[in-house]
Amino acid sequence: MAFFRNAKQPLGILLYNTRLSTCSRHGYSTWATKGTSFAQSTDTKASKTAYLYWVSRRFNSQAASSAEQMSLIKQLRERTSAPIKDVKASLVDCNWDIEAAQKELRKRGKVLAMKKSSRTATEGLLALAQLEGKAAVIELNCETDFVARNEIFEYLALALAKKALFVQNSSQQIPGVFSFGPECLEDLKLNLDHPKISGETTIQNAVTEVAAMMGENIKLRRGVVMSTSSHGVVSAYLHRCPQPGLGRIAGILSLEVENEISQLDALQKVGSELAMHIVAAKPLFLTKELVTSDVLNNEREILKSQAISTGKSPMAIEKMVDGRLRKYFEEVVFMEQKYFLNDSLSIKTILDNVSKEVGSPVKIGNFFRMEVGEGIQSQEASSSAEPVAQAV
């Protein structure tokens, strides 16, 4: 019970009583005892008041010091966007010198970023940049969706896409399309202008710097640049777009016109609709003629085994296979698909209609569909170019 009564006393008084008890065990005390003079009692009260004042000053001093430390942690966190535990550790190691801690944090972060570079990064963003008659899409990966929503990560992705617009490939095999790996961009110079990451640096160093800030493996995986003739347009659509130019799924295509036209707005409108269709319908080939023999033979074998299981005659089985193969073409061949917003219209019909509207034949030159993280689990991104569907 005595303990609970003492617990209700102010902390300063408890400390003072503890100190006096300790002094008594050493054979002296400042408490007024029986027979003590009034003067001694007065001195005791003054001593107690002085001690409580000292305790109060000490606790206030510690509180102020703690507030300053929290302020420094907040400032360094805002400067670098590094994890709080790393920010605090750097400040402690540098005796709370914020400038020295910032340098130490960058060194430490880059080392950790290199160690984390082997970890799988399946999240991230696609970034799109466009010029007249040209568009570029890049994929920048990270480990978590949380980092993918970070403003510095988004800024870097957009900066990389703008740089990709000017990537050239003299040996490109598909006219108007260049699919590339990270090695095509890593050594290029990038001029960054962001409050937390600025100055001229290489793309590889910029990616490493942001990885150090985020505390995750960040990787530039791949990109594609598409262009068209002076009479055509390149259109793109980004799905799940946190801000203009960013998304998780991209559809991109070029529309080519035989003759110069004045109704570019009509062409661009149809291009945007078809880019959206690419994202939704996931075509694999532009025309039936571009379906590879390996894919076609494999699909035919599957359909034939399914038809044989029905027990029908060989002639009926062949008809069933041909019918199901037509259905397969409608699913994976762009020019054979139904328009995803209106299945009464085919892609061929849409192109015929826009050709009449602009007064010149319009055709799809190339198309491409890209999705964040696709294929990473089965095979890490390589420098080899990925296949792109093309017109004959």
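Mentor: The expected span of a helix is 1.5 Å times one less than its number of residues; helices (H or I, at least four residues) and strands (E, at least two) are DSSP runs, numbered from the N terminus. The model is predicted, so local features need pLDDT of at least 70 and side-chain atom pairs count only at pLDDT 80 or more, whereas totals for chains, interfaces and linings use all residues. Residues are numbered from 1 along each chain as its sequence is written, and side-chain values use heavy atoms, with hydrogens and water left out.

Trainee: How far apart are the end C-alpha atoms of helix 8?
Mentor: Helix 8 has 12 residues, which at 1.5 Å a residue should span 16 Å. The distance in the model agrees with this expectation: 17 Å.

Trainee: How many of the 12 residues of helix 8 are buried?
Mentor: Buried means under 20% relative accessible area, exposed over 50%, and partly exposed in between (1.4 Å probe, protein chains only). Among the buried residues of helix 8 are Ile203, Glu209 and Met214. The helix is mostly covered, and its buried residues number 10.

Trainee: Which strands stand at the edges of the open sheet?
Mentor: Two strands pair if DSSP finds at least two bridges between them. The sheet has 5 strands in the order 3-6-2-1-8, with antiparallel pairing. Each edge strand has a single partner, so one side of each is left without a neighbour in the sheet; the edges are strand 3 (177–180) and strand 8 (246–247).

Trainee: Which residue in strand 8 stands opposite leucine 126?
Mentor: Strand 1 (residues 123–131) and strand 8 run antiparallel and are joined by 2 bridges. Opposite leucine 126 in strand 8 stands glycine 247.

Trainee: Which element gives the largest share of the largest nonpolar core?
Mentor: Such a core is a set of buried Ala, Val, Leu, Ile, Met, Phe, Trp, Tyr and Cys residues joined through side-chain atoms within 4.5 Å. The largest one has 37 residues, and those with the most contacts inside it include Ile138, Phe153 and Leu190. Among the elements that give two or more residues are strand 4 (189–194) and helix 8 (203–214). The largest share, 9 residues, comes from helix 7.

Trainee: At about what angle does helix 7 run to strand 2?
Mentor: Axes are lines fitted to C-alpha atoms, for helices over the stretch in contact (heavy atoms within 4.5 Å). Angles run from 0 to 180 degrees between N-to-C directions. Helix 7 (residues 151–164) lies across strands including strand 1 and strand 6 (219–227), and its angle to strand 2 (134–142) is about 145°.
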